[in-house]
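Dear colleague,

I am handing over a structure that you have not worked with before, and I would be glad if you could look it over. Please open it first and then read the notes underneath.

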Amino acid sequence: MAFLEISHLKKHFGSQTAVKDFSISVEKGEFITFLGPSGCGKTTILRMLAGFEAPSEGSIVFDGKDVTHLRTNQRNVGMVFQSYALFPNMTVAENIGFGLKVANMPQAQIDARVKEMLALIKLDTLAARYPWQMSGGQQQRVALARAIANKPKVLLLDEPLSALDAKIRVSLREEIRVLQRELNITTVFVTHDQEEALSISDRIVVLNEGSVEQIGTPSEIYNFPRTRFVASFVGTLNQLHGTVVDVQAGTIQVGDQILVSTNPVNGLTAGQPCVLAIRPEAIQLNAPSDGKNMVQATVEDVSFLGSIVRIRTRVGSDVISFDVFNDPNQTLPARGVSVSLSFAYENLLILK
Ligand code: ATP
């Protein structure tokens, strides 16, 4: 049995089903992210793990112990919310030591643990400050220290970075990952931000309307999305509409071109419409080619972004966008001109 076992979890709110049938096994020390759009059920699953919400069906097991019907304080979980949720009338040190005090830890041990936590989050000098005297990023580090101070079995992070500025968000997410690895805490992280999920997770669970679309490592999710939803929700995706020519050979007709993919044509038959999913980085502009896996496109827009240049083109009714590196010695295509776009076989995904 894995460290965290969630089996057939369901949650209904009246006639509405927020979580349909959710199961996952998580190993000790794994960093799992629930990723999906607003309303997909990710927070509801996290709240059931925390004990804030009772499942309608299913079970939750932490380290061999069934916690499905236990109260939050009997589950040994640490939790961090988007809104920091620090106690405003307590100092940083008091906030971090709060859970330890509730657990009746002797004061000397509390002081030692708080000191250790302050060093871990690099806020040693701010122990006597109050939350309102600190930045959002600092407050969230305190919330993190408070959540891990009594060594929880599972750390639950509910969009902890969403309220922060872009720069702080990136640096704090790196800090969280380093800390989580160092302490080897099994962690469940909720976000709607695909870049955040890709950068921080061991595995990602992509959720849509209460159901799992795909579970996989960041590179599996990004490179081999199993559904059109995953492909378009995670990363930038171009979609070329075509028709299946040959299922075995992985050939697709797009306009008057035949494109070949090394990826199987899942669940489709010859003659059916399909979508070719193409990541921007799989596209080459005017590359020397034997004419295979190539389409003609018309340039619609060229935006200079510094180190890269974003080019938007049109192929029939589809828009294909991609970036090229800025090269001062190279002339960029002008709007309205015709260019050829070629694609690597292994990067062409065919979706229903
Ligand atoms: P967000 O990112 O917006 O928080 P989410 O993916 O976390 O979205 P949930 O908060 O889990 O989604 O909500 C899933 C569904 O369940 C939504 O349709 C929501 O309206 C519904 N829901 C959540 N909590 C309740 C509740 N207490 N009563 C009724 N419906 C609820």
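The notes below go through an annotated region, the surroundings of the ligand and one sheet.

Please keep in mind throughout that this is a predicted model. The UniProt record, an unreviewed entry, lists residues 4-234 under "domain: ABC transporter". Over that stretch the chain is 36% helix and 26% strand, and the C-alpha atoms at its two ends lie 25 Å apart.

As for the ligand, the residues around it are F13, Q16, A18, G36, S38, G39, C40, G41, K42, T43, T44 and H192. Two elements, strand 2 (16-26) and helix 1 (42-50), each give two or more residues to this shell, and the largest share, 3 residues, comes from helix 1. By character, the shell divides into 8 polar residues, 3 nonpolar ones and 1 charged one.

Turning to the sheet, you will find 5 strands that form an open sheet in the order 13-12-11-14-20, with antiparallel pairing. Strand 13 (257-260) and strand 20 (348-351) stand at the edges and have a single partner strand each, so one side of each is left without a neighbour in the sheet. Neighbouring strands of this sheet are turned by 45° against each other on average, if direction is ignored. At one of these edges, strand 13 pairs with strand 12 (residues 251-254) in the antiparallel sense over 4 bridges, and the bridge partner of Q253 in strand 13 is I258.

With best regards

Conventions:
Residues numbered from 1 in each chain as written. Predicted model: local features only at pLDDT ≥ 70, side-chain atom pairs only at ≥ 80, totals over all residues. UniProt positions renumbered as here; feature names shortened; annotations may be inferred. Pairing = 2+ DSSP bridges. Axes fitted to C-alpha atoms, helices over the stretch in contact; angles between N-to-C directions. Near = placed C-beta within 6 Å. Nonpolar A, V, L, I, M, F, W, Y, C, P; charged D, E, K, R; others polar.
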